[in-house]
Amino acid sequence: MNKIQKLGCACEKPTSNYTEYRSSALGIDHTDGRNAEVSVQQCKLCQRIWIHYCIEFENAPQSERWYKGIVSKKDRPQISPENAVEFLENLDWYVYGGSFFESTGTFGQGKLNVSL
């Protein structure tokens, strides 16, 4: 995987708005019963591609969490809902947030918290 540098685009801000992207569903990650929604987002300004991973456990209030990270056009075809977590965990940085973290977004890296 290539190192993805920050360009200073609005899409890199942790609190960027969903309206700044074109989005399409990649599928559902059913691994370990997570049923996480995985989508591909493309920034309308800089055209970079993001993988967005969103999970919420039905019977657990305040469990919604999401992660998103930039992917290269070369890597994008290799990403599936089932390997999205591994891909995001191997990035130099990603953005995450949600009610679980009591955050609208912050930068992170390393292991994703996708368990109940």
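Is cysteine 54 buried, exposed or partly exposed, and what is its relative accessible area? Here are some notes on this predicted model, starting with that point.

1. Cysteine 54 is partly exposed, because its relative accessible area is 21% and buried would mean under 20%. Cysteine 46 belongs to the partly exposed class too, with a relative accessible area of 24%.

2. On to the sulfurs. Searching the whole structure turns up 0 disulfides. For cysteine 46, which is in no disulfide, the nearest cysteine sulfur is that of cysteine 11, 3.7 Å away; a disulfide would need the two sulfur atoms within 2.5 Å. Cysteine 54 is likewise in no disulfide, and its nearest cysteine sulfur, again that of cysteine 11, lies 18 Å away.

3. Now the interior. The largest nonpolar core has 21 residues, and Ile51, Tyr53, Tyr67, Leu112 and Val114 have the most contacts inside it. Two or more residues of this core come from each of strands S2 (36-43), S3 (49-55), S4 (65-71) and S5 (94-98), and from helix H1 (84-89). A second core, separate from this one, has 9 residues, among them Cys9, Tyr21, Ile70 and Val95.

4. Valine 114 is a nice residue to click on. Leaving aside residues up to four places away in sequence, valine 114 touches Arg34, Tyr53, Ile55, Phe57, Arg65, Tyr67 and Val85. Two of these, Tyr53 and Tyr67, are also listed with valine 114 among the residues with the most contacts inside the largest core.

5. The aromatic residues deserve a look as well. The structure holds 9 aromatic pairs. In one of them, tryptophan 50 and tryptophan 93 have ring centres 6.0 Å apart and planes at 75°, so the pair is edge-to-face. This pair links distant parts of the chain, with tryptophan 50 in strand S3 and tryptophan 93 in the loop between H1 and S5, 43 residues apart. Both tryptophan 50 and tryptophan 93 are buried.

6. Elsewhere, ring pairs join Tyr67, Tyr94, Tyr96, Phe100 and Phe101 into a cluster. One ring of that cluster, phenylalanine 100, has the charged end of arginine 65 over it, 3.7 Å from the ring centre. Tryptophan 50 has a charged partner too: the charged end of lysine 68 sits over its ring, 4.8 Å from the centre.

7. Lastly, aspartate 92. This residue is in the loop between H1 and S5 and counts as partly exposed because its relative accessibility is 37%. Aspartate 92 and proline 14 are 78 residues apart in sequence, with their C-alpha atoms 15 Å apart in space.

Terms used. Residues are numbered from 1 along each chain as its sequence is written. This is a predicted model: local features need pLDDT of at least 70, side-chain atom pairs count only at pLDDT 80 or more; totals for chains, interfaces and linings use all residues. Side-chain values use heavy atoms; hydrogens and water are left out. A nonpolar core is a set of buried Ala, Val, Leu, Ile, Met, Phe, Trp, Tyr and Cys residues joined through side-chain atoms within 4.5 Å. Buried means under 20% relative accessible area, exposed over 50%, partly exposed in between (1.4 Å probe, protein chains only). Helices (H or I, at least four residues) and strands (E, at least two) are DSSP runs, numbered from the N terminus. Contact means heavy atoms within 4.5 Å. Rings of Phe, Tyr and Trp (its six-membered ring) pair if their centres lie within 6.5 Å; planes under 30 degrees apart count as stacked, over 60 as edge-to-face and the rest as tilted. A charge sits over a ring if NZ of Lys or CZ of Arg is within 6 Å of the ring centre and within 35 degrees of the ring normal.
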